Amino acid sequence: MSELFIFLSQGIAGPESAYRPGARHALILFATGDDMDDAQGHALAATDEHGWHHVEIARAKSLGDGPGGIDDPALRSSGEAAMEDGAAVVVYNDEMEPDA
C-alpha cells in the first residue's frame, strides 16, 4: 500500500494557475507513493497540472500515520485528498519575496 508524504516547497505561478503569473509562493505538497522518490514524482506532476513552474522542494517527510495525525483541518483535508487522488497541492496566498 502507498504511503503518504509531505513536501515543503516553493514554486512560481504560471498563467494556468489561479495566482499572479511569475509570483513565487510557498507550497505544501501531499503525495502517495511506494517510497519518497515515487511520491515526489506524483507531487511534482500535480504542481505541473496546477500551473506551477520551477518547483523546489526544501524538505520532505513520511507521514507514516497518514493524514489522521495532522492537526490543522485544512491540511488534514488535503492529506486525505492525496490519499484518494495520489497528490494534493496547498498554496500559501501571500507572495514570497523574489530571490536576489
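Which residue in β2 does L4 stand opposite? The residue opposite L4 in β2 is T32. The model examined here is predicted, with local features requiring pLDDT of at least 70 and side-chain atom pairs counting only at pLDDT 80 or more, whereas totals for chains, interfaces and linings use all residues. Residues are numbered from 1 along each chain as its sequence is written, and side-chain values use heavy atoms, with hydrogens and water left out.

Helices (H or I, at least four residues) and strands (E, at least two) are taken as DSSP runs and numbered from the N terminus. Four strands make up an open sheet with the order β3-β1-β2-β4 and antiparallel pairing; two strands are regarded as paired if DSSP finds at least two bridges between them. The edges are occupied by β3 (52–62) and β4, each of which has a single partner strand, so one side of each is left without a neighbour in the sheet. On average, neighbouring strands of this sheet are turned by 25 degrees against each other, direction ignored. Strands of a sheet pair through backbone hydrogen bonds, either parallel or antiparallel. In this sheet, the antiparallel strands β1 and β3 are joined by eight bridges, β1 and β2, also antiparallel, by 10, and the antiparallel pair β2 and β4 by six. In the pairing of β2 with β4, F30 stands opposite A88 of β4.

Strand β2 is mostly covered, with nine of its 10 residues buried. Buried here denotes under 20% relative accessible area, exposed over 50%, and partly exposed the range in between (1.4 Å probe, protein chains only). One residue of β2 is H25, which counts as buried at 1% relative accessibility. The side chain of H25 reaches two backbone oxygens, that of Y92 at 2.7 Å and that of N93 at 3.5 Å. Such polar contacts are pairs of N or O atoms within 3.5 Å; within protein, one atom must be able to donate a hydrogen and the other to accept it, and residues adjacent in sequence count only if both atoms are side-chain atoms. Leaving aside neighbours within four places in sequence, the contacts of H25 (heavy atoms within 4.5 Å) include S9, Q10, Y19, W52, V91 and M96.

Q10 belongs to strand β1 and is buried, with a relative accessible area of 19%. The bridge partner of Q10 in β3 is E56. The side chains of Q10 and R24 are joined by a polar contact of 3.2 Å. Apart from residues up to four places away in sequence, Q10 touches R24, H25, A26, L27, H54, V55, E56 and M96. Among these contacts of Q10 is H54, a residue of strand β3. Most residues other than glycine have a negative phi. H54, although not a glycine, has a positive phi of about 50 degrees. At 61% relative accessibility, H54 counts as exposed.

Two helices lie across the sheet strands. Helix α1 (residues 36–49) lies across β1, β2, β3 and β4 and runs at about 130 degrees to β2. Helix α2 lies across β1, β2 and β4, at about 45 degrees to β2. For these angles, axes are lines fitted to C-alpha atoms, for helices over the stretch in contact, and the angles run from 0 to 180 degrees between N-to-C directions.

The expected span of a helix is 1.5 Å times one less than its number of residues. For the 13 residues of α2 (residues 73–85), 18 Å is expected, in agreement with the 18 Å between the end C-alpha atoms. At the start of α2, a side-chain oxygen of D72 comes within 3.0 Å of the backbone nitrogen of A74. The buried residues of α2 are L75, S78, G79 and A82. These residues cover an arc of only 100 degrees around the axis, which puts them on the same side of α2; the arc is that of the directions from the helix axis to the C-beta atoms. Their cover includes β1 (3–13), β2 (24–33) and β4 (87–95). The face turned away from the buried side of α2 carries the exposed residues P73, A74 and E84.

After α2 comes G86, with a positive phi near 100 degrees, in the loop between α2 and β4. G86 counts as buried at 14% relative accessibility. Not counting residues up to four places away in sequence, G86 touches F30, A31, T32, H42 and A81. G86 and T32 are 54 residues apart in sequence, and their C-alpha atoms are 5.3 Å apart in space.
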